[in-house]
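Reader: I have the coordinates open and would like to know how the labels were reached. Could you take me through the reasoning?

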Amino acid sequence: MDKIILYHGSSNIIEKPQYGAGKAYNDYGRGFYCTEHIELCKEWSCNDGIDGYANRYELDLTDLKTLNLSDEKYSVLNWLAILMDNRIGRISSPIEKRGREYLLEHFLPTYKESDVIVGYRADDSYFSFARAFVGNGISLKQLDYAMHLGTLGQQYVLLSEKAFKQIHFLDYSPVDHKEYYPKRKARDEAAREAYMRELEKNDIDGIYIRDIIREKMEASDERLR
């Protein structure tokens, strides 16, 4: 199906998404971030004390170059490399610096050539999980587990001017922050608690960033699947 329905949560009604707008340091860089799930959209539209809007769109994917990171040829490390390429975070140790460099050198897809990216969403808690892996604090298995916590699903990110020309505003729904901000907070807290329980298992035999660097693993390495 070439046409899909997407939602974008915001404190504003956005009838015409603007190409080139937005923060450069988001997960996939500057772009327009959407979800297929209206309930998640409503949670993301609300900050504490501020109501929001769930903007609904139709995106025509015809002739758009789409990078889908859930495709079997990609792994969580490809997503992580893109995240490390865009998000700005304090590098606190030599292993974290080397881990970031290795991911960018060996696992970074040519994502900037894409019109649309489909991949994980990284809220602040999820970015902390990613940094824990890059700093050798958790295994690849634990990272993969963590990224599925909170059922955030995937996000669609429009990157190119061509993609922006093919998204069309349909309507919007007002969102009450008193209902949806607590839901967003509860989802985040549940994910953090589940993550801490996973850490208690101590994945001794797991693959860590040190192992990946030491063994010079590449994206095609079956040990990473």
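Author: Gladly; here are a few labels, each set against its definition. Please keep in mind that this is a predicted model.

Reader: What makes helix α1 largely enclosed by the rest of the structure?

Author: A residue is buried when its relative accessible area is under 20%. In α1, residues 38–45, 6 of the 8 residues are buried, so the helix is largely enclosed. They are Leu40, Cys41, Lys42, Glu43, Trp44 and Ser45. Their packing partners are β1 (3–10), β3 (52–60), β7 (167–175) and α7 (177–199).

Reader: And how does α1 lie on those strands?

Author: Helix α1 lies across β1, β3 and β7, and runs at about 25° to β1.

Reader: Why are β1 and β7 called edge strands?

Author: The open sheet has 3 strands in the order β1-β3-β7, with antiparallel pairing. Both β1 and β7 pair on one side only, and that is what the label states.

Reader: How do you know that β3 and β7 pair?

Author: Pairing takes at least two bridges, and 8 bridges join β3 to β7. As an example, leucine 59 has isoleucine 167 in β7 as its bridge partner.

Reader: Why are α5 and α7 called roughly antiparallel?

Author: The label applies to angles over 145 degrees. Helix α5 (residues 140–147) packs on α7 at about 160°, with the axes 10 Å apart, and the two are therefore roughly antiparallel. Gln142, Tyr145 and Ala146 of α5 meet Ala194, Tyr195, Glu198 and Leu199 of α7 in this contact. By class, the contact residues are 5 nonpolar, 1 polar and 1 charged.

Terms used. Residues numbered from 1 in each chain as written. Predicted model: local features only at pLDDT ≥ 70, side-chain atom pairs only at ≥ 80, totals over all residues. Heavy atoms only, no water. Buried < 20%, exposed > 50% of the residue type's maximum accessible area, 1.4 Å probe, protein only. Helix = DSSP H or I, 4+ residues; strand = E, 2+ residues; numbered from the N terminus. Contact = heavy atoms within 4.5 Å. Axes fitted to C-alpha atoms, helices over the stretch in contact; angles between N-to-C directions. Parallel < 35°, antiparallel > 145°, perpendicular 65-115°, else oblique. Nonpolar A, V, L, I, M, F, W, Y, C, P; charged D, E, K, R; others polar.
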